[in-house]
Amino acid sequence: MPRIVYSRHYNIGFYGLERLHPFDSRKYGRAWRLISRHFGSAISQLHVQPRRAASHEELTLVHSDEYLTKLRDPKYVAGALEVPPIRRLPSWAIDWHVLRPMRWATRGTILAATEALEHGFSVNLSGGYHHAKPNHGEGFSIYSDIGIAVAALRNQELIDENARVAYIDTDAHQGNGVCHTFMSDNRVFIFDIFNCRIYPIFDVDARKRVDCDVGITKSITDAEYMRELNDRLPGFLDSVGRSPIGLAIYNAGTDVFAGDPLGDLNISAATIRERDLFVVGELRKRGIPTIMVLSGGYTKQSYQLVADSVIELIEMETAMGG
Ligand SMILES: [Zn+2]
């Protein structure tokens, strides 16, 4: 039985400040409501709740103490979150109302990874902060939840120290923070399909780290987008090696959606659903434990796109007897 990891503590809401960034910081709660309504009483068998936020010890699996100290500076956090007015708030308020929900989501990614190992497929209804680097936050990403989750599994010996990890990123933005986090970790294999004309376009080092790099632009059609995935993803997964992949992390950003103000692509809702079913299907038919995280998505429909995909994926997984 697959698992959905969600806590109401994920949602950022602070006197309307969250509306200063196109990031719909309440999309998690909205998606959760649609998903739980769909499954009715069966949701209790699918739902797992983190009981706490990620601890300092967990954060330091990836981040330096120096960086975590920098997060006490409102000016620094305002820059990383791209919300300049935050710089005028006291440090404690930023921590409580903005960073703490992200630490809950980071804990959710760790929990979802352990659930995936046990149950095959899990979704964290948040996370995917793929621009966060070990010593730097940017692009609305403060904590490297993906790097932390992988390190936590290794630390607890839930996956073998040498197990291969596949990271598949379909968010519109290149996952530069994940690349920097795993820069010299040759056990992690990265597939990234992204808009190569937008941020973080100047992070050349990150892009060099991608094992299968699929740069796309706004003119790509739904059919061409799916063809790229069909042509490139199965070969990438087969190339990761003969030893089985210990864990796959699927970063399913919905900011590829037509009209998204940050993603600048033209992918339809139907194709996003098809993409998510294809990617997870390729992973699961190879028997790879898979976790999905949400990442970007900055339109009013984002939560609906997330809910539609998650409902279908859970039903697909349940039908497969997962
Ligand atoms: Zn994005």
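This report describes a zinc site, the strands around it, a nonpolar core and one helix in a predicted model.

**The zinc site**

Three residues serve as protein donors of the zinc ion: Asp 171 through OD, His 173 through ND1 and Asp 255 through OD. These donors lie 1.9 to 2.1 Å from the ion. Along the chain, the donors of the zinc ion follow the spacing D-x1-H-x81-D. His 173 belongs to the loop between β4 (164–169) and α8 (176–181), while Asp 255 belongs to the loop between β7 (245–251) and α11 (269–285), so the pair ties together parts that are 82 residues apart in sequence. Since buried means under 20% relative accessible area, His 173 is buried at 6%. Asp 255, with a relative accessibility of 0%, also counts as buried.

**The strands beside the site**

The strands that precede these two loops, β4 and β7, pair with each other in the parallel sense over six bridges. Five of the six residues of β4 are buried, which leaves this strand mostly covered. In β7, seven of its seven residues are buried.

Each of the two strands has a further parallel partner. β4 pairs with strand β5 (residues 188–195) over five bridges, and β7 pairs with strand β8 (residues 290–293) over four bridges. The chain crosses from β7 through α11 to β8 in a right-handed β-α-β crossover. A right-handed β-α-β unit is likewise made by β4, α8 and β5.

The table lists residues that stand opposite one another in these pairings.

| Residue | Opposite residue | Strand of the opposite residue |
|---|---|---|
| Val 165 | Leu 247 | β7 |
| Tyr 167 | Ile 249 | β7 |
| Tyr 167 | Ile 190 | β5 |
| Tyr 250 | Met 292 | β8 |

Tyr 167 thus appears twice, standing opposite Ile 249 in β7 and opposite Ile 190 in β5.

**The nonpolar core**

The largest nonpolar core has 107 residues, and the members that touch the most others are Met 102, Leu 125 and Ile 168. Helix α6 (residues 91–119) supplies the largest share of this core, with 11 residues. Leaving aside residues up to four places away in sequence, Met 102 touches Ile 12, Leu 81, Tyr 129, Phe 140, Ile 142 and Tyr 143.

**Helix α1**

Helix α1 covers residues 27–39, 13 residues in total. From its first C-alpha to its last it reaches 18 Å, close to the 18 Å expected at 1.5 Å a residue. Its buried residues are Lys 27, Tyr 28, Gly 29, Ala 31, Trp 32, Leu 34, Ile 35, Ser 36 and Phe 39. The elements that cover these buried residues include β1 (3–5), α2 (43–46), β2 (47–48) and α12 (302–319). Just after the helix, Gly 40 takes a positive phi of about 60°.

**A distant pair**

Thr 69 has its place in helix α4 (residues 65–70). With a relative accessible area of 43%, Thr 69 is partly exposed. Between Thr 69 and Ala 223 there are 46 Å in space, C-alpha to C-alpha, and the two residues are 154 residues apart in sequence.

Definitions and conventions. Residues numbered from 1 in each chain as written. Predicted model: local features only at pLDDT ≥ 70, side-chain atom pairs only at ≥ 80, totals over all residues. Heavy atoms only, no water. Expected span 1.5 Å × (residues − 1). Buried < 20%, exposed > 50% of the residue type's maximum accessible area, 1.4 Å probe, protein only. Contact = heavy atoms within 4.5 Å. Donors = N, O, S within 2.8 Å, 3.2 Å for Na, K, Ca; no water. Pairing = 2+ DSSP bridges. Right-handed = clockwise from strand over helix to strand, strands pointing away. Core = buried A, V, L, I, M, F, W, Y, C linked by side-chain atoms within 4.5 Å.
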